[in-house]
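Trainee: I'd like to learn how to read a structure like this one. Could you walk me through it?

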Amino acid sequence: ERHRDMEGVRLLVTAGATREAVDPVRFFTNHSTGKMGYAIAEAAAKRGAQVTLVSGKTNLTPPADVEFVPVVSAEDMYQAVIARYDKMDVIVKSAAVADYRPKSIHSQKMKKQPGDLVIELERTRDILAELGKRKTHQFLVGFAAETENVEENARGKLERKNADMIVANNVAQSGAGFGTDTNIVTIYTKDGEKRDLPQMSKAEIADRLLDAVLEACKKRRE
Ligand code: PMT
């Protein structure tokens, strides 16, 4: 039934973690493996969408039939996504993007010194918020990785970032969030709808998420 139901849809998905360099040999990152985002890219491609996958470094092989755009830092991801935004119909931001990066990157490997070390961090650009500001026709899906107040934070992100849908996962739950093959999510839409999904594989979550996107887009056209 889902067979080729995304023909003609141009979808960009971001996946994985960013790496924020400290010096030539060190970086800050997080536990995202890219599994969630790659599952979405694969599911959308199988359904006939024209898929672009913008990905931080992962151990995964990009799915067949997607345009693959590898990136390293939050700023790289920002540039890659913004450059392709106008041509896209749907954006799914499943990457775990760093909120902070070292204020300066040391050009040489930092040497050990006696005592503590302080590294000053500065904010990265919020890609989702920028997409929300520049939105024309696109359908914008954000993720929310929370450990508490999931609903409140998800609804806050919908509003503040001008997103059309937020997929919230409580990353403190086992079988959900970073690294696992399954996830447990709640999908919040702009028009106030809320859909709780039980624990299922990231592949199945991907299809459910895409179902919800198609449904919301259809509703919008009516
Ligand atoms: O990759 P896996 O191991 O499979 O794990 C999947 C996942 C847990 C990473 C995924 O399901 C998920 O929740 N991704 C979003 C993680 C995240 O960064 O959430 P957040 O609440 O910090 O950010 C909210 C949204 O803003 C996200 O869509 C994020 O992509 C976006 N964001 C955040 C910071 C930033 N500078 N720019 C952004 O666009």
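**Reading the fold and the ligand shell**

Mentor: Sure. Let's begin with a loop residue: Lys-161 lies in the loop that links helix H4 (150-160) to strand E10 (165-170). Keep in mind that this is a predicted model.

Trainee: Is Lys-161 buried or exposed?

Mentor: The way to tell is to count the other C-beta atoms within 10 Å; 20 or more means buried. Lys-161 has 21 of them, so it is buried.

Trainee: Which residues does Lys-161 touch, not counting those up to four places away in sequence?

Mentor: With those set aside, you'll find Leu-128, Ala-129, Gly-132 and Gly-142 touching Lys-161.

Trainee: What does the UniProt record say about binding?

Mentor: An unreviewed UniProt entry has the annotation "binding site" on Asp-99, Lys-109, Phe-143, Lys-157 and Lys-161. These positions span 63 residues of sequence, and they are spread in space too, with up to 37.9 Å between C-alpha atoms.

Trainee: Let's take Phe-143 from that list. Where is Phe-143 found?

Mentor: Phe-143 is part of strand E9. Do the same count again: 24 other C-beta atoms lie within 10 Å of Phe-143, so this residue is buried as well. Leaving out neighbours within four places in sequence, Phe-143 is in contact with Lys-93, Ser-94 and Val-167.

Trainee: Now the ligand. How many residues surround the ligand?

Mentor: A shell is read by listing who is in it, then asking which elements they come from. Here 27 residues surround the ligand, and the closest are Lys-35, Lys-93, Ile-127, Leu-128 and Phe-143. Helix H1 (35-46), helix H3 (127-133) and strand E9 (139-146) are the elements that each give two or more residues to this shell. The largest share, 4 residues, is from E9.

Trainee: What is the make-up of the shell by class?

Mentor: Around the ligand there are 12 nonpolar, 10 polar and 5 charged residues.

Trainee: And how do I read the sheet? What is the strand order?

Mentor: Go across the sheet from one edge to the other. This open sheet has 8 strands in the order E5-E4-E1-E6-E9-E10-E12-E13, and the pairing is mixed. Strands E5 (66-70) and E13 (194-196) sit at the edges with a single partner strand each, so each has one side without a neighbour in the sheet. On average, neighbouring strands are turned by 15 degrees against each other, ignoring direction.

Trainee: Can you show me one pair up close?

Mentor: Try strand E1 (residues 10-15) and strand E6 (residues 90-93): they run parallel and are joined by 4 bridges. Within that pair, Leu-11 stands opposite Val-90 in E6.

Notes:
Residues numbered from 1 in each chain as written. Predicted model: local features only at pLDDT ≥ 70, side-chain atom pairs only at ≥ 80, totals over all residues. Pairing = 2+ DSSP bridges. Axes fitted to C-alpha atoms, helices over the stretch in contact; angles between N-to-C directions. Near = placed C-beta within 6 Å. Nonpolar A, V, L, I, M, F, W, Y, C, P; charged D, E, K, R; others polar. UniProt positions renumbered as here; feature names shortened; annotations may be inferred. Buried ≥ 20, exposed ≤ 12 C-beta atoms within 10 Å, placed from the backbone. Contact = placed C-beta atoms within 7 Å.
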